[in-house]
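Work through the exercises below with the model open. Each task is followed by its solution.

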Amino acid sequence: MKIYLLETFDKDKTVEINPPLSEKGIRMSRLFSLTIKNLRIDNCYTDTSVASFGTALLLVGTKVKINKNQKLNNNDKGQIRKFIEELANEYSMDNKLLIIAKKSVLLLIKEYTNNADFIV
């Protein structure tokens, strides 16, 4: 399986708890969706934040199932390792996954697998 890692786009700084995407983040997501339109993605995973889910919706829309996963919410190495193991058991080498979360979580994913690359 191939994993594409993407950090959540710009968040609305006027909202303190679980902010959505800002107008800039929405524009960035829409523009980036044009960049990756020819990239085959079989499944998408996000943390449970509104901004990550919004980024995913704008990038893959209804073409790909978007899965919110609590294990992507924090930097718990054990949870990240378990998440990667679950993906490895569920998907074949042909599958391509998009994971959207905060950068620190994405760096841990990159540390635990050889098949993950940042796409921005």
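**Exercise 1. Find which residues of H4 are buried, and say where they sit around the helix.**

Solution. The model is predicted, so the reading rests on computed values with a pLDDT floor of at least 70 for local features.
- Step 1: pick out the buried positions. In H4 they are Val105, Leu106, Leu108 and Ile109.
- Step 2: look down the axis of H4. The buried residues fall within an arc of 155°, so they line one face of the helix.
- Step 3: recall the helix geometry. An α-helix has 3.6 residues a turn, so residues three or four places apart point the same way.
- Step 4: find the partners. The buried residues of H4 pack against E1, H3, E4 and strand E5 (116–118).

**Exercise 2. Describe the largest nonpolar core and the contacts of Leu87.**

Solution.
- Step 1: identify the members with the most contacts. The core has 18 residues, and Ile3, Leu72, Leu87, Ile99 and Ile109 touch the most other members.
- Step 2: trace the elements. Those giving two or more residues are strand E1 (2–7), helix H3 (77–90), strand E4 (96–101) and helix H4 (103–112).
- Step 3: list the contacts of Leu87. Beyond four places in sequence, Leu87 touches Met1, Ile3, Tyr45, Leu97 and Ile99.
- Step 4: look for another core. A second, separate one has 16 residues, among them Leu6, Leu21, Ala56 and Val64.

**Exercise 3. Characterise the packing of H1 on H2.**

Solution.
- Step 1: compare the axes. Helix H1 (residues 23–35) and helix H2 (residues 50–60) have axes that come within 8 Å and cross at roughly 35°.
- Step 2: assign the hand. The crossing of H1 past H2 is right-handed.
- Step 3: name the contact residues. H1 supplies Ile26, Ser29, Arg30, Phe32 and Ser33, while H2 supplies Thr55, Leu58 and Leu59.
- Step 4: sort them by class. The contact has 4 nonpolar, 3 polar and 1 charged residues.

**Exercise 4. Determine what is buried in H2 and what covers it.**

Solution.
- Step 1: list the buried residues. They are Ala51, Ser52, Gly54, Thr55, Ala56, Leu59 and Val60.
- Step 2: find the cover. It includes E1, H1, E2, strand E3 (66–68) and E4.
- Step 3: check the backbone just after H2. There, Gly61 has a positive phi of about 50°.

**Exercise 5. Are the loop residues Ile41 and Ser49 buried or exposed?**

Solution.
- Step 1: place them. Ile41 is in the loop between H1 and E2, and Ser49 is in the loop between strand E2 (43–46) and H2.
- Step 2: apply the cut-off. Buried means under 20% relative accessible area. Ile41, at 12%, counts as buried. Ser49, at 15%, counts as buried too.
- Step 3: look at the surroundings of Ile41. Beyond four places in sequence, Ile41 contacts Ile36, Val60, Val64, Lys96, Leu97 and Leu98.
- Step 4: look across the chain from Ser49. Ser49 and Ile100 are 51 residues apart along the chain, with C-alpha atoms separated by 9.9 Å.

**Exercise 6. What is the sign of phi at Asn18, and where does Asn18 lie?**

Solution.
- Step 1: read the angle. Phi of Asn18 is near 50°, a positive value in a residue other than glycine.
- Step 2: set this against the general pattern. Most residues other than glycine have a negative phi.
- Step 3: place the residue. Asn18 is in the loop between E1 and H1.
- Step 4: check accessibility. Asn18 is partly exposed, with a relative accessible area of 39%.

Methods: Residues numbered from 1 in each chain as written. Predicted model: local features only at pLDDT ≥ 70, side-chain atom pairs only at ≥ 80, totals over all residues. Heavy atoms only, no water. Core = buried A, V, L, I, M, F, W, Y, C linked by side-chain atoms within 4.5 Å. Buried < 20%, exposed > 50% of the residue type's maximum accessible area, 1.4 Å probe, protein only. Helix = DSSP H or I, 4+ residues; strand = E, 2+ residues; numbered from the N terminus. Contact = heavy atoms within 4.5 Å. Axes fitted to C-alpha atoms, helices over the stretch in contact; angles between N-to-C directions. Left-handed = near helix turned anticlockwise from the far one by under 90°. Nonpolar A, V, L, I, M, F, W, Y, C, P; charged D, E, K, R; others polar. Arc of directions from axis to C-beta.
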